[in-house]
Amino acid sequence: MATILELSDIISSRTKLIHDELQASGRPQPTFDVIQDPDAITLDGELQQAQKELRDAAQKLSDLVAGPSNLLLEQLFSFHDPAVMRVLYTFKIPQAVPLTGSISFDDLSAKVGIEVSRLRRILRYAYSLRIFQEPEPEHVSHTQLSCELATAQPSIDMLGHMVDEEYPTGLNLAQALSRWPGESGPTNTAYNIAFETDQPWFKWIGTEPHRAVRFAGAMGFLSTRGINAIDLMLQRFDWTANCKTFVDVGGSRGHVAMAILRAFPSIQHGLVQDLPEIVAQMPKDAQPADLEGRLDFAAQSFLEPQPVRDADVYFFRYIFHDYSDAVCVQILDNLVPSMRKGSRLVINDFIVPALGTGCAIDERYTRQMDIHMLEFMASKERTVDDWRELVESGSKGMLKLESARVATLSFVKES
Ligand SMILES: C[S@@+](CC[C@H](N)C(=O)[O-])C[C@H]1O[C@@H](n2cnc3c(N)ncnc32)[C@H](O)[C@@H]1O
């Protein structure tokens, strides 16, 4: 393991690289304050790698010098973070703070309905999460992060899903593991205990329109950031060479299909399939004018035979990881007969890296997803070998792994 001096060298060299590159290209330096164009400080290309190495090293260095007793204290008390985040969401506090200037605690208290001395405590805790700041005593203003929670609907939806569904579910994981030791199915999960239902997650959420719309928004949030951002996925498969028509299976409100069609004008048509209740809840303007004639939606379950034959690509994003191997094989059974020779199955899901290889922050995110799968679906994230085994033997050898690049796998039908 690197020493603290080696870690500090990594931090210093990567910090200099990022600083100098931002300066040379006339972009702002990183800040917690609200800035006009947050994209201007998004790091890409070589800087993204430097960012990962810097963050890994900085976190490791901080943890090392903290020592185990401080670290444990801090980790245990961070359990209050989601409690405070839930208050922010429930009382719509970010939306009640003006986008420019500040608001007094008294005025904010009157707006959100939390008594002022309690509100003060909530706000001052939130500052430690880089949410809000206090430009003058007893006045609160936005940081970039709180501003996003006030204005960006996908971020608000993700926060709502996390605090209202993930948080209560997580509290029940230990109980679920005790109640159903060993392998369990999608109705024997922490989520089933938390929400006192014996329905699988997607069936239940389909009966709760407010949650379903919010969850779709949360999916939109995940599509723009992290190792599985859509723009990264677009680069990991050769869409231009391999696709004129595709089906986005379980494609929700079509945000991914739209991104694919916009990025690759040579693609003629994309069809988004999802459950009837999800398609029925779609807003009237779901088909954007610029994609006229190239995008359609259909109610169709992937647990039934695929009616669209011979598409070039059958695209599944965040689907297979929701299910056990047995159900995945059922999905393949319904799909493969509709594929022609040369059709591709493109899976955009996490790939669990070998332990300790690559970026620790990315690995942690993948493992957080893996725990989410356990809690909600009794399913899992998979390594590249798991994926190969699942799809190749699940398709009785008809699909062969062609490529696996960070979170995007392509299988081609060979006969
Ligand atoms: C985790 S979301 C992924 C959505 C989208 N692919 C994305 O990447 O944002 C899973 C989607 O599968 C849909 N779904 C669940 N069960 C389904 C089924 N049996 N047939 C079709 N879609 C289903 C859900 O409604 C939801 O939109």
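This is a short dialogue on how to read a predicted model of one protein chain.

Reader: Where do I start? How many helices and strands are there in the chain?

Author: Start with the parts list. The chain has 19 helices and 9 strands. Keep in mind that the model is predicted.

Reader: What does the radius of gyration of the chain tell me?

Author: Compare it with the value for a compact globule. For 415 residues, that value would be near 22 Å. The chain has 23 Å, which agrees. Then look at the spans. Along its principal axes, the C-alpha trace covers about 70 × 50 × 50 Å.

Reader: Which domains does the assignment give?

Author: There is domain 1 at 4-77, domain 2 at 80-151 and domain 3 at 153-215. Domain 4 is written in two pieces, 226-359 + 376-413. Now take a distance. The centres of domain 1 and domain 3, over C-alpha atoms, are separated by 33 Å.

Reader: How do I read contacts over the whole chain?

Author: Ask how far apart in sequence the partners are. Take the contacts with a separation of 6 or more. Of these, 66% join residues 24 or more positions apart.

Reader: And what share of the residues is buried?

Author: The buried share is 32% of the 415 residues. The general idea is simple. In soluble globular proteins, nonpolar side chains tend to be buried together. Here the largest nonpolar core holds 74 residues. Phe246, Tyr314 and Phe315 touch the most other members of that core.

Reader: What does Tyr314 touch, beyond residues up to four places away in sequence?

Author: Its partners are Val247, Val249, Leu335, Met339, Ser343 and Leu345.

Reader: Show me a buried residue in a strand.

Author: Try Gly270, in strand β4, residues 269-274. The cut-off for buried is 20 or more other C-beta atoms within 10 Å. Gly270 has 26, so it is buried.

Reader: Which residues does Gly270 touch?

Author: Leave out residues up to four places away in sequence. Gly270 then touches Phe246, Asp248, Ala257, Ile260, Leu261, Arg294 and Leu295. Look at Arg294. Gly270 and Arg294 are 24 residues apart in sequence, yet 6.2 Å apart in space, C-alpha to C-alpha.

Reader: Ala257 is on that list. Where does Ala257 lie?

Author: Ala257 sits in helix α15, residues 255-263. Ala257 has 27 other C-beta atoms within 10 Å, so it is buried. Past four places in sequence, Ala257 touches Asp248, Gly251, Gly270, Val272 and Leu295. Not every residue is at hand, though. The C-alpha atoms of Ala257 and Asp385 are separated by 27 Å, with their positions 128 residues apart along the chain.

Reader: Is Gly251 buried or exposed?

Author: Buried, with 28 other C-beta atoms within 10 Å. Gly251 lies in the loop between β3 (245-249) and α15. Leaving aside neighbours within four places, Gly251 is in contact with Val256, Ala257, Val272, Gln273 and Asp274. Its C-alpha atom is 10.0 Å from that of Ala298, 47 residues apart along the chain.

Reader: Which residues come nearest to the ligand?

Author: Of the 17 residues around the ligand, Met219, Gly250, Ser252, Arg317 and Tyr318 come nearest. Next, sort the shell by type. The shell divides into 9 nonpolar, 6 polar and 2 charged residues.

Reader: Now phi. What should I look for?

Author: Look at the sign. Most residues other than glycine have a negative phi. Phe132 has a positive phi, near 70 degrees. Lys396 also has a positive value, near 55 degrees.

Reader: Where are Phe132 and Lys396?

Author: Phe132 is in the loop between α6 (116-127) and β2 (139-140). Lys396 is in the loop between α19 (384-394) and β8 (399-405). Now check burial. Phe132 is buried, with 25 other C-beta atoms within 10 Å. Lys396 counts as exposed, with 11 C-beta neighbours inside 10 Å.

Reader: What about counts in between?

Author: Take Leu61, in helix α2, residues 46-77. With 19 C-beta neighbours inside 10 Å, Leu61 counts as partly exposed. Beyond four places in sequence, Leu61 is in contact with Ile4, Leu7, Ser8 and Ile11.

Reader: How far is Leu61 from Ala286?

Author: Their C-alpha atoms are separated by 47 Å. Along the chain, Leu61 and Ala286 are 225 residues apart.

Terms used
Residues are numbered from 1 along each chain as its sequence is written. This is a predicted model: local features need pLDDT of at least 70, side-chain atom pairs count only at pLDDT 80 or more; totals for chains, interfaces and linings use all residues. Helices (H or I, at least four residues) and strands (E, at least two) are DSSP runs, numbered from the N terminus. The radius of gyration is taken over C-alpha atoms; the globule rule is 2.2 Å times the number of residues to the power 0.38. A residue is buried if 20 or more other C-beta atoms lie within 10 Å of its own, exposed if 12 or fewer, and partly exposed in between; C-beta atoms are placed from the backbone. Two residues are in contact if their C-beta atoms, placed from the backbone, lie within 7 Å. A residue is near a molecule or strand if its C-beta atom, placed from the backbone, lies within 6 Å of it. Ala, Val, Leu, Ile, Met, Phe, Trp, Tyr, Cys and Pro count as nonpolar, Asp, Glu, Lys and Arg as charged, and the others, Gly among them, as polar. Domain bounds come from an automatic or database domain assignment. A nonpolar core is a set of buried Ala, Val, Leu, Ile, Met, Phe, Trp, Tyr and Cys residues joined through C-beta atoms within 7 Å.
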